[in-house]
Amino acid sequence: MTHHLLAVDDLGTDGIEEVLRLTESFVEVSERAIPKVPTLRGRTVVSLFYEESTRTRLSFEAAAKRLSADTMNFNVASSAVAKGESLRDTVETIEAMGVDAVIVRHASAGVPVQVARWVEASVVNAGDGWHEHPTQALLDCYTLRERLGSLAGRRIAIVGDVKHSRVARSDVAAFSSLGADVVLVAPPTLLPPSLVGWPVEVSHDLDQVLAKVDAVVLLRMQQERQTEALVPSLREYTAGYGLTRRRAELLGEEAVIMHPGPMNRGVEIAADVADLACSVVTRQVANGVAVRMAVLFLLLASGTRP
Amino acid sequence: MAERERRTTPPYGGAFVARSRVMDADDVRRAITRIAHEVVERNAGLEGVVVIGLQTGGVPLAEALVEELTRIEGVPVPLGTLDVAMYRDDIGLRPVMPEAVTAIPSEVSGHTVVLVDDVLFTGRTIRAALNAVCDYGRPRAVQLAVMVDRGHRELPLRPDFVGKNLPTRRDEAVDVHLDGVHLGDLRPGPS
Amino acid sequence: MTQLLLRGGTVVDETGTRRADVLVVDGAIAAVGEGLEADHATRVLDADGCLVAPGLVDLHAHLRQPGHEEAETIATGARAAALGGFTAVVAMPNTDPPIDCASVVRDVLDLAASATCAVFPAGAITVGRAGRSLAPMAEMAALGVRLFTDDGTGVQDGGLMRRALEYGSALGVTLAEHCEDDRLAAGGHLHEGEWSSRLGIPGIPSEAEELMVARDIALSRLTGAPVHFLHLSTARSVALVREAKAEGVAVTAEATPHHFTLTAAAASGYDPVFKVNPPLRTDADVAAVRVGLADGAIDAIATDHAPHPPEAKEAPFDQAPPGMLGLETALALGLTELTAPAVGLPCLSTEALVALLSWRPARIAGLAGEHGGPVRVGRPAHLCVIDPAASWVVESARLASRSRNTPYAGRTLRGRVRHTLFRGEPVVIDAEAQR
């Protein structure tokens with residue numbers, strides 16, 4: 001097993017399967033009257049979030065606590081970082097306190113990869129710039145499997161701002177690793193400039209894609225993409241790529257709607273579509289804790305063969 | 001012995017090589033029948049009794065025990081399975097995988113839980129199982145049934161129902177199946 | 001009177017290659033020939049199996065002084081240069097304050113007076129390198145500045161660049177362009193393509209460079225003034241320059257060792273040591289740069305030596321400054337990669353490599369009278385002695401530069417500078433700096 005989780009590819013197909021299998025055990029734990037096991041007693045997990053993300057931070061914190069780990073929260077805004085401390089100094093200071101895992105979120109791609117070079121502790125990428133958000137992809141896989149069974153041969157559309165999306169990068173890697181076919185649907189300005197090595201198809205016609213997919217992942221559309229002239233207006237974006245009520249009706253009966261959150265209702269997803277039975281958005285959040293328990297367990301508790 | 005135990009005991013993933021058979025299928029069956037009668041006798045019936053097999057080696061024995069209990073008393077007995085991996089005290093020291101199903105069938109609070117495992121050795125698995133069961137509620141009593149008690153206890157635990165007391169060396173291995181019990185060794189496997 | 005004899009080497013210069021010892025007396029070459037005798041007062045340096053070449057000339061180094069002495073000083077940069085075989089270095093003007101007026105030029109020249117190689121400051125084209133108004137080029141030219149550039153950034157305003165070329169043509173100077181269209185490159189940190197997309201790092205498209213190359217070729221044609229292109233990195237840039245030269249436009253170009261040895265794939269681990277501007281590009285670009293070096297489309301190898309202190313390179317990739325060390329590894333990379341390349345890539349002779357590092361850049365920098373000239377009696381003794389067979393491992397901790405940001409740490413390279421003579425003084429002996 002890998003010592004860090006920096007990108008989905010660190011796990012490989014077998015590793016993803018292992019996480020999903022473990023997640024099942026932790027979903028069971030989460031459903032107990034006392035949703036807590038003593039597994040990581042005495043271990044310390046610190047969240048180092050350079051970019052605010054309440055939901056991801058809380059999800060990791062809940063996961064660590066349900067495993068009985070001690071948790072620390074490094075608040076960047078009120079710390080030495082605000083006084084100009086370098087990333088490496090901050091990380092080495094934290095490690096000196098004796099931590100077993102560092103959960104890193106940063107607006108710059110690759111920071112968790114760099115941090116992993118500097119520390120002995122396990123590093124978990126909780127989202128880095130446009131790069132990856134591996135635990136989100138794992139919980140997406142788990143949630144899809146709850147609904148669809150195996151992902152092999154399934155067709156999944158990822159719709160929206162793929163270019164700036166760490167979720168999209170991780171989802172593409174994870175879905176395709178489990179045998180799904182992925183189609184990216186976005187205006188060309190919101191696709192990465194090169195898709196060499198991406199196991200995906202590309203479409204600019206959402207209506208046509210929707211009828212043939214088993215799941216659709218909607219990405220958050222950031223307001224500033226408009227000012228960057230990547231789309232003329234959010235209205236035009238919604239007209240072309242938003243999952244409106246009309247478009248949701250094009251989906252097959254079994255099809256699933258996902259969104260990593262937070263949603264812009266009325267932009268990438270219509271308000272009433274988000275609440276349809278085929279939307280598994282809240283299920284994603286619930287599974288997020290169990291998936292993160294599985295990841296922490298794998299990194300910290302599975303031990304290594306001598 | 002259980003596949004997972006082979007993977008998680010040095011030499012990790014080794015092969016069990018039997019040296020002698022200590023019980024055959026009939027012996028195992030007779031032991032289960034006797035334990036079933038002892039359970040009924042001890043609890044004056046099966047009112048409030050829940051049987052929980054420990055993953056993974058205890059599960060087939062628990063299933064056989066429940067079958068036998070039902071046959072004797074003519075009432076259904078709730079059967080559960082429990083994976084104690086998340087409660088072990090050697091986490092991080094060796095490969096541990098909670099991958100087997102934990103399914104506790106009914107309320108444990110106020111019930112008598114009969115834990116079933118294949119081999120009682122150091123007692124650490126049972127310690128973990130006791131903690132796990134208590135996370136589900138407050139049982140009226142917990143009793144322990146094992147097919148083989150091989151000694152070498154590291155904790156103050158004693159089984160309530162035993163198929164066979166089997167003196168062993170620490171470095172030996174015991175393999176329990178419904179079709180027989182063997183004493184042997186773990187040899188490094190091909191992996 | 002000090003006398004020094006380089007014994008047993010093979011002299012390589014513009015006039016050819018021949019077995020010869022070289023006697024240096026009082027800073028000048030006193031004799032060149034086989035079997036020269038040394039009296040007891042003559043220091044003899046072994047050049048057996050080595051090439052004795054004119055000192056190398058780097059058109060492009062960032063010595064960081066004044067203003068960023070934590071990264072490099074003129075003294076440490078010059079020591080690194082001497083170890084790399086360079087006896088002359090053009091110092092880029094993006095210092096703090098920038099070299100954009102006579103007083104800063106004078107400061108740099110003063111600091112350089114005691115350095116172990118000649119340091120020629122390049123002047124900024126625009127005041128503060130801000131791209132708005134022309135810097136006082138004439139007053140800087142009067143102090144000997146021959147190359148002007150806003151390096152670190154390109155002159156975005158084509159009209160301003162045209163005026164700079166026109167104005168400079170009367171001064172006999174050359175303008176050197178860092179070709180990068182700011183708007184197309186905006187926010188980028190890595191070559192735009194497969195790796196930037198995979199790593200989620202904003203890219204810099206090749207076209208950001210190529211557009212400005214094309215524009216400046218047109219402006220050179222328009223004004224008749226020479227333009228030197230700094231650090232060409234893309235296949236189409238090389239092709240554009242080749243075409244312009246065939247047409248007779250007065251352009252020259254350089255390429256860096258990292259652009260003929262590394263691609264964007266090197267940044268796959270997000271180590272900012274591999275962040276540089278222009279960015280590392282693709283295999284096809286590397287191949288095109290090598291072809292350009294072989295066929296003359298590119299005139300010179302320049303290091304773009306860009307020191308940054310460790311803490312700056314330990315920042316997130318998109319926050320770290322671009323740049324790599326180069327002075328101490330450039331020659332060895334040329335010998336390792338260009339004179340014995342992988343199948344399918346052009347192979348350069350050792351003589352051609354030395355030309356790209358010595359007399360050809362000397363000519364572009366307007367230094368040919370003093371540097372890069374033939375090894376001949378009466379010429380100043382700026383010489384480097386190269387052991388082409390020596391193999392060594394790049395260790396960042398052992399570099400003379402004050403910084404450590406070499407992308408080649410751990411690499412085994414073939415070919416090393418054994419001795420360097422600057423004004424006849426042995427500033428490097430047996431690969432050790434003497435001061």
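How many residues of domain 1 of chain A are in contact with how many residues of domain 2 of chain A? Let me start there, and keep in mind throughout that this is a predicted model. The count is 23 residues from domain 1 of chain A and 24 residues from domain 2 of chain A.

So you can find them on the screen: domain 1 of chain A covers 8-133 plus 286-301, and domain 2 runs over 134-284. Their C-alpha centres lie 25 Å apart. On the domain 1 side, the elements that put two or more residues into the contact with domain 2 are helix H1 (12-30), strand S4 (122-128) and helix H11 (281-301) of chain A. H11(A) gives the most to that side, with six residues. As for the chemistry, the domain 1 side that touches domain 2 has nine nonpolar, nine polar and five charged residues.

Keep H11(A) in mind, as we meet it again in the nonpolar core. The largest nonpolar core has 296 residues, and the ones with the most contacts inside it are A:Val216, A:Leu296, B:Leu65 and C:Val119. Which helix gives the most to this core? That is H11(A), with 11 residues.

While we're on chain A, please look at one backbone detail. The peptide bond between A:Gly261 and A:Pro262 is cis, with omega at about -10°. A:Pro262 sits in the loop between strand S9 (256-258) and H11 of chain A.

Now over to chain C, and how it meets chain A. The contact takes 19 residues from chain C and 21 residues from chain A. Helix H6 (residues 194-199) of chain C is the biggest giver on the chain C side, with five residues. By class, that chain C side has six nonpolar, seven polar and six charged residues.

Staying in chain C, let me show you a sheet. Three strands form an open sheet in the order S8-S9-S10 of chain C, and the pairing is parallel. Why is one side of S8 and of S10 left without a neighbour in the sheet? Strand S8 (56-61) and strand S10 (118-121) of chain C are at the edges and each has a single partner strand, so there is nothing next to one side of each in the sheet. On average, neighbouring strands here are turned by 20° against each other, ignoring direction.

Zooming in on one pair, S8(C) and strand S9 (residues 86-91) of chain C run parallel and pair over four bridges. One spot to click on is C:Ala61, which stands opposite C:Ala91 in S9(C). Then there is helix H1 (residues 74-83) of chain C, which packs on this sheet and touches S8, S9 and S10 of chain C. The direction of that helix makes about 135° with the direction of S9(C).

Remember C:Val119 from the core list? Setting aside neighbours within four places in sequence, C:Val119 is in contact with C:Leu63, C:Ile74, C:Ala78, C:Val89, C:Ala91, C:Val108 and C:Ala112.

Chain C has a couple of backbone oddities too. The bond from C:Asp96 to C:Pro97 is a cis peptide, with omega near 5°, and C:Pro97 lies in the loop between S9 and helix H2 (102-112) of chain C. Further along, C:Arg423 has phi near 50°, which is a positive value in a residue other than glycine. C:Arg423 is in the loop between strand S19 (412-422) and strand S20 (425-429) of chain C. Because C:Arg423 has 18 C-beta neighbours inside 10 Å, it counts as partly exposed.

Last stop, chain B. B:His152 also shows a positive phi, near 65°, in a residue other than glycine. Its place is the loop between strand S5 (141-149) and strand S6 (161-165) of chain B. B:His152 has 14 other C-beta atoms within 10 Å, so B:His152 is partly exposed.

And then B:Ser106, in the loop between strand S3 (79-82) and strand S4 (112-120) of chain B. Leaving out residues up to four places away in sequence, B:Ser106 touches B:Val50 and B:Pro78. B:Pro78 is 28 residues away along the chain, and its C-alpha atom is 7.1 Å from that of B:Ser106. Is B:Ser106 exposed, buried or partly exposed? The count is 13 C-beta neighbours inside 10 Å, so B:Ser106 is partly exposed.

That's my tour; over to you.

Methods
Residues numbered from 1 in each chain as written. Chains lettered and ligands numbered in written order. Predicted model: local features only at pLDDT ≥ 70, side-chain atom pairs only at ≥ 80, totals over all residues. Contact = placed C-beta atoms within 7 Å. Nonpolar A, V, L, I, M, F, W, Y, C, P; charged D, E, K, R; others polar. Domains from an automatic or database assignment. Pairing = 2+ DSSP bridges. Axes fitted to C-alpha atoms, helices over the stretch in contact; angles between N-to-C directions. Buried ≥ 20, exposed ≤ 12 C-beta atoms within 10 Å, placed from the backbone. Core = buried A, V, L, I, M, F, W, Y, C linked by C-beta atoms within 7 Å.
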